[in-house]
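Welcome, and please take a moment to look over the model below. The report that follows walks through its pockets, one chosen residue and the overall fold.

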Amino acid sequence: MNKSVSLSVNNSASELESRLVKTGSERLALLGKHADVLMQAYTRDEVPLESLSDSGLRKLLAARILWRPDEQSGVKLAPKVRELIAEMLADETRRHVNADVAETLELIRALVHSYREARSRGEHWRLEQQLMRLRQEVDDLNGRFADAIDSLWQRLNSDFGFVSQLNDKIRENDRAQKQIARLLDGLALIDFDELIELVGSDGSLRKLLISQLQQQLSNHYTGLREVQRRLIELMARFRKQQARSRLISGMAAFMREHPGFVPGNYARRSDVPTLVNQAAPLSAAAAPALDRNLDSQALAELLHQLPQPRHTTQSVEAAAPAQAQQTSIAAARQQALKQDVEHFYLSVIDQPQAEPVSALAYLQESPLEWPDEIWLFQVIAEYQSLPRNDQRAFQLKQQESQASRFNHLRLIHDVELQLAVPV
């Protein structure tokens, strides 16, 4: 039996090794076949798609040699491939010695300062170079998070299935949880308030480091939440399986120590153990059978025995008058305001020389107590509700001013009304 187990383990290991060799050979063949296009993508910002066929593009994307950050941006080199090319070429400007988030953020700050210095000096060639390096650093940062999340999904779909021991699965789950915690700590290092203050009012930097980066980090947070939810679900399943396996292994060990043990018939015992006697008491359901004539007399007696509810009677004289609803009060105030504005229009018509009349001056001279804003609003609304022919008989002038130099909102201070033609 031990020989058969060892043979099966060796066969599975050899199959895994052959599969790795085959997949690696295919990936290296893809790199060699599309070497020119990949080097052009390394020197530029994006991959020249005109040099690739559709099938070649699909194979490179499936092999994770190329990747697309989002639907709006183009196809770019994967961060690991760019680092591999930089390592082989000894390109110190693009080779990352330390790949953590804090180091990348520090490099982004330095590139932003270089970009702003080049813009202030008018060095356009250096400006484009620094902007391209900033895009690459942001893409590399997003690519590392995306690769880490893909790696977690690969471990969920492959490593947990290949691990045979339940304790190893639990340890693998715990390791994945710690990796998620490290990724969340890395995402927490990105402070958008600091980035907003760093980029200032530059449109290109705000689009790259604020809007696009924030959207991509939101996708990373969503992916990590899904992975964490799956890990917690698997951990609960593993713990349940572990408890059952411990129970079975304990029972098997007890049976090995007591081979003659026979479970007793607990239904015939007067003293039932507490562990077995866990059934909840049953509550019998009952309902009156109205279709049985024999039970009609008993049901009638039970109905007569029910206590009658007592209602206190109230005389008509003691009843209080109904209070007016709040809506009717508001409607009455609105009608009164409308009538006062109509009197104001009639006073303008009665002017002998058709002189303009100030609405606020009329309100202050009259005994009316309406607020100024409500009064002016109703005067303007009354003018706008008139028919076109009636509006031509009046001239409405608004005394207004701009709120500030930076706000084009117009503030109305007073309204003057006068007759346009004699009536």
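## The largest pocket

Helix α1 is the biggest contributor to the lining of the largest pocket, giving eight residues. This is a predicted model, and the volume computed for the largest pocket is about 850 Å³. Its lining is made up of 31 residues, and those closest to the centre are Ala62, Ala63, Arg64, Asp147 and Asp150.

Which elements give two or more residues to this lining? They are α1 (2-33), β1 (66-67), α4 (79-89), α6 (124-162) and α9 (203-257). If you sort the lining of the largest pocket by class, you will find 16 nonpolar, eight polar and seven charged residues.

## The second largest pocket

Next comes the second largest pocket, with about 280 Å³ of space. Here 17 residues form the lining, and Lys76, Arg135, Lys207, Leu208 and Gln212 are the closest to the centre. Two or more residues come from each of α6 and α9.

How does the lining of the second largest pocket divide by class? There are four nonpolar, six polar and seven charged residues. Helices α6 and α9 are thus worth following by eye, as they appear in the list for the largest pocket and again in the list for the second largest pocket.

## A look at glutamine 179

Let us turn to a single side chain and its surroundings. Glutamine 179 sits in helix α7, which covers residues 166-188. Is this residue buried or exposed? Glutamine 179 counts as buried because its relative accessible area is 17%, and the cut-off for buried is under 20%.

Which residues does glutamine 179 touch, once its neighbours within four places in sequence are set aside? The contacts are with Ala148, Leu152 and Arg155. You can place these partners on the model by recalling that α6 spans residues 124-162.

## The protein as a whole

Stepping back, the secondary structure consists of 14 helices and five strands. The protein has 423 residues, of which 30% count as buried; glutamine 179 is one of the buried residues.

Among contacts with a separation of 6 or more, 61% join residues that are 24 or more positions apart. As for the surface, the protein exposes about 30,000 Å², and carbon and sulfur atoms supply 53% of that area.

Note on methods:
Residues numbered from 1 in each chain as written. Predicted model: local features only at pLDDT ≥ 70, side-chain atom pairs only at ≥ 80, totals over all residues. Heavy atoms only, no water. 1 Å grid on protein atoms, 1.4 Å probe; cavity = no way out; pocket = protein on both sides within 12 Å on 5 of 7 lines; lining within 4 Å. Points joined across faces, edges and corners; volume = space filled by probe spheres on them. Helix = DSSP H or I, 4+ residues; strand = E, 2+ residues; numbered from the N terminus. Nonpolar A, V, L, I, M, F, W, Y, C, P; charged D, E, K, R; others polar. Buried < 20%, exposed > 50% of the residue type's maximum accessible area, 1.4 Å probe, protein only. Contact = heavy atoms within 4.5 Å. Areas by Shrake-Rupley, 256 points an atom, 1.4 Å probe, with all protein chains shown as cover.
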